[in-house]
Amino acid sequence: MERTCFNCDLSIKNVGEKVTLVGWAAKRRNLGQLLFIDLRDRSGIIQILVKDDIEVPDIRNEYVLQIKGVVSKKEVPNKNLKTGDIEVIAEEIKVVNKAKQPPLIIADETDALEETRLKYRYLDLRRPMMQRYFDIRHQIKMVTHNYLNNNRFIEIETPILCASSPEGAKEYLVPSRIHHGSFYALPQSPQMFKQLLMVGGFERYYQICRCFRDEDLRADRQPDFSQIDIETSFLDQNQFLELMEGLIHDIFLKVINYEVKLPLRQMTYKEATEKYGSDKPDTRFGMLLHDVKDILSSSSFEGFKTAEDIRAIKVEGVAASTSRKVIDKLNLEAKKFGLGGVTILKGENNTLSGSFIKFLDENIISSLIKEMEIKDGDILIIAAGPKNRVTSLLGAYRNQYAKELNLIKPNTYDLLWVVDFPMFERDIENNQIVATHHPFTRPKDEDVQYLDTDPTKVLSYAYDIVINGYEAGGGTLRIYNQDMQKKIFEILGLSDDEIKEKFGYFVDALQYGTPPHAGMAFGLDRLAMILGGTDNIRDVIAFPKNLAGVDPMSGAPTKVTEEQLDELGLIIKDEE
């Protein structure tokens, strides 16, 4: 089609020029002798002025139009539009295609429910806000390609159809048509492949790849997602993190013109969980967790005397609004974290009040006030129990109150590395040792001594980059010695046969001169979400699934025919 430019290529410099534009009718305003049309294309909206001296076809919202006319200066500029200083006086209008009345308002502000937006995603994507999200996503990818190419990385694709291997989340399986009873797995990440590329001597690899995890969904998680996958050889942790900081700096500067100060600070996993209640702490506001076990273990309350951990947070100025209903809601949340409830005390008349106060003497009260710097109108939330549950609960409260009280300044960014993660965790349900990250993570040199005596003491060369309370990426230094890798597998309870079956080709490769190597993956979707200013990852994925793992537009997942199942050698068991 004939088109001289995009809408937002035009400015006051183009006044008097003849142009041909194409796009969608975003809005139509008929003022009798004058008709105004807001024409929208991918670049944005421009106003079209139609006088009564030309023939005008029937035009409705979302009709596809071709308009020829002359650029003119507007008498009253519109500061809300990039093209607000100008308009195009139409000389010829052609309807290229008609459109039904859309089921949602195609504008930044829409009244449609998310399910409707996902069902008619192709219309939702026309909204200028959505187009901006995907422009940001595209720019992140372009900056990444340029930065890594300039730092001698090579882009290499790895297989989508892989062998099944345990890496944490459940896998999606693909049945083989040729080998009945055998399955491929979709990759949770290219973890072993990228390490094998280091064995292969490439030294610096990356790819923007698709990954698949069959896990419960939430606002910042999808079953299929994209990550910027990176692996390097011959770098220690500080060298590797410095290289990655350069990438993040470039992304923020070139995509949203924000200068990230380098080097990023590093916070240990221990400090993050104990002070912020999360291994992905949002450090843009205070409300830190305080260890009050020494103060409260001497109280007359039996639950405090036997608790592994007792911690508290102070929420300023909410005592008056903390009703019985609010307290019940806090206690209900505590039960979700495996705790019986929490203790709420209020700052009042220079002391503490609440039904629990009968268990506390004056020394304990004064110590709490001093430790927590309690003032009248504040509340104190105390949790007691297993350490990981206590810190996780208070961390959740902390984030919840920050949102409710608007404690976070808009358009601010806080970035840091969380380092020194535990190498292993103990699964409470079956009392088994499991890998905190993945079984290829290298233990810290000074902690190798604990592998035989108490593996839970071992810290690892693991690191996550945290942006505004989101884990935006993570990685580790890898094990490159076959004896150490075998030892880690054994600690995780894998037999020789299981090691050979699940990781045989990988373990074999470690015997052929594997270099020290390190890597990580940035979540492309999460980076786009953060830089785009949305808290919903579905906004930055073109055709996402809903929280039930369903695509409302295509209906996926769908049932297949008996013929398809027969060809794959599969039988579907009926649900009882």
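User: In this predicted model, how many residues apart are Glu274 and Lys270 in helix H6?

Analyst: Both residues lie in helix H6, residues 269-276. Their side chains meet in a salt bridge, at 3.3 Å from N to O. The separation along H6 is about one helical turn, because Glu274 and Lys270 are four residues apart.

User: How many salt bridges does the structure hold?

Analyst: The pair Glu274 and Lys270 meets in a salt bridge. A salt bridge here needs a side-chain nitrogen of Lys or Arg within 4 Å of a carboxyl oxygen of Asp or Glu. The total for the structure is 36.

User: In what order do the five strands of the barrel close?

Analyst: The pairing in the barrel is mixed. E1 (residues 18-30) pairs with E2 (residues 34-41) in the antiparallel sense. E1 also runs antiparallel to E4 (residues 64-73). The barrel order is E1-E2-E3-E5-E4.

User: By what angle are neighbouring strands of the barrel sheet turned against each other on average?

Analyst: Five strands close into this barrel. With direction ignored, the average turn between neighbouring strands of the sheet is 55°.

User: Which residue of E2 stands opposite Arg29?

Analyst: E1 and E2 pair over six bridges. Ala25 stands opposite Leu39 in E2. For Arg29, the residue opposite in E2 is Phe36.

User: Which residue takes a positive phi in the hairpin of E1 and E2?

Analyst: Three residues sit between the strands of this hairpin. The phi in question is near 85°. The residue is Gly32.

User: What is the bridge partner of Val19 in E4?

Analyst: Seven bridges join E1 to E4. The two strands run antiparallel. In E4, Val19 has as its bridge partner Gly69.

User: Which strands stand at the edges of the open sheet?

Analyst: The open sheet has eight strands in the order E6-E9-E10-E22-E21-E20-E17-E11, with mixed pairing. Two of them have a single partner strand each, so one side of each is left without a neighbour in the sheet. These edge strands are E6 (154-155) and E11 (265-268).

User: What angle does the direction of helix H5 make with that of E22?

Analyst: H5 (residues 237-256) packs on the open sheet. The strands it touches include E9, E10, E11 and E17. Its direction and that of E22 (517-523) make an angle of about 25°.

User: Which residue in E9 is the bridge partner of Ile154?

Analyst: E6 and E9 (residues 204-212) pair in the parallel sense. Two bridges join them. The partner of Ile154 in E9 is Tyr205.

User: How do H3 and H14 pack: parallel, antiparallel, perpendicular or oblique?

Analyst: H3 (residues 128-150) and H14 (residues 524-532) have axes 9 Å apart, at an angle of about 125°. That angle makes H3, relative to H14, oblique.

User: How many charged residues does the contact of H3 with H14 have?

Analyst: From H3 the contact includes Arg132, Arg137 and Lys141. H14 contributes Asp525 and Leu527, among others. By class there are seven nonpolar residues and one polar residue. The charged count is four.

User: Is the crossing of H9 and H11 left-handed or right-handed?

Analyst: The axes of H9 (residues 324-336) and H11 (residues 387-404) come within 10 Å and cross at roughly 135°. The two helices are therefore oblique to each other. Their crossing is right-handed.

User: How many nonpolar residues are in the contact of H9 with H11?

Analyst: H9 brings Val326, Leu330, Asn331, Glu333 and Ala334. H11 brings Leu393, Tyr397, Gln400 and Tyr401. Two residues are polar and one is charged. The nonpolar count is six.

How values were computed. Residues numbered from 1 in each chain as written. Predicted model: local features only at pLDDT ≥ 70, side-chain atom pairs only at ≥ 80, totals over all residues. Heavy atoms only, no water. Axes fitted to C-alpha atoms, helices over the stretch in contact; angles between N-to-C directions. Parallel < 35°, antiparallel > 145°, perpendicular 65-115°, else oblique. Contact = heavy atoms within 4.5 Å. Nonpolar A, V, L, I, M, F, W, Y, C, P; charged D, E, K, R; others polar. Pairing = 2+ DSSP bridges. Left-handed = near helix turned anticlockwise from the far one by under 90°.
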